Amino acid sequence: RESQMHSDGQTASVLFERGDGLTYNDFIVLPGHIDFAATDVGLSTYITRRIALKNPICSSPMDTVTENKMAIGMALLGGIGIVHYNNTPEAQVEEVRKVKRFENGFITDPVVLGPKNAIADVDLIFQEQGFSGIPITEDGTIEGKLVGIVTNRDVDFEPDRSHLLEEVMVTDLVTAPEGVTLNEANKILRQSKKGKLPIINEKGCLVSLVSRTDLKKNRDFPEASKDESKQLRVGAAISTQQADRERLAGLVEAGVDLVVIDAAQGDSVFQVEMIEEIKKNYPAVDVLAGNVVTTNQCENLIDAGADGIRIGMGPGSICITQDTMAVGRAQATAVYQCARYCRTRGIPVVADGGINNTGALGKALALGANVGMMGSMFAGTQETPGDYFYKDGMRVKKYRGMASVEAMERGGGKRYMYSNRNIKVAQGVSGLVVDKGSAYDLVPYLVQSLRQSFQDMGHRTIEDLHQALENDGIRFERRSPSAQREGGVHGLMAYDEPFREGGRERQ
C-alpha cells in the first residue's frame, strides 16, 4: 500500500519547487489509508512555544471580529481570540479583563435598560440580538441598582409599544448574591422556574446575569483554553508604535496571555525592537510576531525572540495589499516555505488569511501550519462586534479590513507605517456579511470537519500530519481551473452554505 500511494501525486517539496505562487485552491491533498474513526482524531496544537490549544483555531484581531464575546467563545471552544487594538488602551484592556474574569455560565456584561425605556426598546434588542429577559436598573447601566426585569411574557400582548418599562416590568425578583456558584445559581433557577437570575452585590446593584438557556448551552467545555489559574486564555494585538508600550503594560496587568504584534509587513527594525523589549520586560508573555511570508523574515523575528510566527500578506478576503503595494506572496506557498523553516527552530506558525472554508484550513495544516487565524470565517456571527441590520432583505453585519479607509479613520492604520498621516493608502475594503448565527455552532462544525479531513488524509493528529509532511508521507496534486470548478458546487441555480448541515455519515 505504501509504494502504491507514493506512485500518485507529488511531495510538498516537488509541488512548490517550480517557484510559482500557489493558493489553497491550486492543489488538493490526496487521500491516505483510513484505519481509525474520525472521533479518534486529536487536534491539539501550539500557537506559540508555550501556549497549547485543543483546537487549531484563532479569531483575527479585527474590529469587526474579536472583542470579549468572540474571545470568550474561542477560548471555551478550544481555540483563542485576539482582541483588536482599534480602540483606546483602556477599552482594549477592559476587553481582555472581561475574558479573564469570565466564569462559565455568568453573563458579566448583560444588556440592560432603564425604567423610562419603552417596550419598543425591548423589541429592538430582541430583533438585533435575539434574546429577551432584560434587567432594569435605576439608571439603565450595568452597574446600576436593580429594580426589575422584563421578559417576553410581560410585553407580548401589549399593543402599545410606547409604554414605559416601569409600567410592565416585574419588580418581585428572584436574585442571588454576588459570589454564588454556578451550581447554586442553577438550583435557584430550577426551583424558581425563572429564565433569568440576576446576581447582585450587597448594595443591590447588578453584577451579572445567569440565563437558563445559556446554562443548557454552556454546561461543559472540556476543551477550553485555560491558563494555570483556570482562567480563559486571550490574546491582544499591539502595534510597533511607541505609544503602544503603555498599552502593553495595561494588557499585561490585565492578564493577557499572548501579544500579537500586528504589522502588515512584520520584518522591520521596529518590530524587532518591540519583541526584544517585550521579552526583556515581560518574559512570561508569549509574542506572536509577523506578518511575514519569507524564510528570511521568519529568521529575523525568531532571532529577536518571537515565540510564534504569523504568516500572510494580502490573502484575506477584504485585503488588497498585493494589488495596492505590489508586495506579498501566495498564501499556500508562504505557509509551506515559512513553516518548513520555523520547524527547524521549534517555532509554531499561524496561517493568517485565505481560509474561507474548512478545506482551506485542512490544507494550511497539511502544509505545516499549527493554527489557522480567521476573520471572514467568523464575520457576521453573533459574537462579533457591531449590530445586525437589513440590506436587500438579508440580515447582515459590517466586516472590514483594518486597512480600509473606514477602519484607519478609527486608528487601524497603526499596522501600516505611513510617513504622512494625512495621506492614507487603503490596503483593505469594507463590506457586508450575512448573519451566520453563533460561533458556538460554527466552531464545532469546523472542528468536526477537520477531524473528517484528517481521517481522509489518514492522520490522527497535527503532529502526525507534520511528520508525514517532513517524511514525504503525504501527497499533493495540482488542480487545473476546471478541476477547481469540478470540486466545488456547480450546476445549481442556488444553494445554502452547509455550516450546520450534517454531511456524510462517519464511523
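**Exercise 1. Which strands make up the closed barrel, and is their pairing parallel or antiparallel?**

Solution. In this predicted model, begin with the order of the strands, which runs E4-E5-E12-E13-E14-E15-E16-E17 and closes into a barrel of eight strands with parallel pairing. Next, consider the angle between neighbours: on average, neighbouring strands of this sheet are turned by 25° against each other when direction is ignored. Then take one pair in detail, namely strand E4 (residues 57-59) and strand E5 (residues 80-83), which run parallel and are joined by two bridges. Within this pairing, serine 59 has glycine 81 of E5 as its bridge partner.

**Exercise 2. Determine which strands helix H11 touches as it packs on the sheet.**

Solution. Helix H11, spanning residues 295-304, touches strand E14 (286-292) and strand E15 (308-311). The direction of H11 makes about 155° with that of E14.

**Exercise 3. Classify the crossing of helices H14 and H16, and describe the contact by residue class.**

Solution. First, locate the axes: those of helix H14 (residues 358-366) and helix H16 (residues 439-457) come within 9 Å and cross at roughly 55°. That angle therefore makes H14 oblique to H16. The handedness of the crossing of H14 and H16 is right-handed. Next, list the residues: H14 contributes Thr358, Leu361, Gly362, Leu365 and Ala366, while H16 contributes Tyr445, Leu446, Ser449, Leu450, Ser453, Phe454 and Met457. Finally, sorting the contact of H14 with H16 by class gives eight nonpolar residues, four polar residues and no charged residues.

Note on methods. Residues are numbered from 1 along each chain as its sequence is written. This is a predicted model: local features need pLDDT of at least 70, side-chain atom pairs count only at pLDDT 80 or more; totals for chains, interfaces and linings use all residues. Side-chain values use heavy atoms; hydrogens and water are left out. Two strands pair if DSSP finds at least two bridges between them. Helices (H or I, at least four residues) and strands (E, at least two) are DSSP runs, numbered from the N terminus. Axes are lines fitted to C-alpha atoms, for helices over the stretch in contact, and angles run from 0 to 180 degrees between N-to-C directions. Contact means heavy atoms within 4.5 Å. Angles under 35 degrees count as roughly parallel, over 145 as roughly antiparallel, 65 to 115 as roughly perpendicular and the rest as oblique. A crossing is left-handed if the near helix is turned anticlockwise from the far one by less than a right angle, and right-handed if clockwise. Ala, Val, Leu, Ile, Met, Phe, Trp, Tyr, Cys and Pro count as nonpolar, Asp, Glu, Lys and Arg as charged, and the others, Gly among them, as polar.
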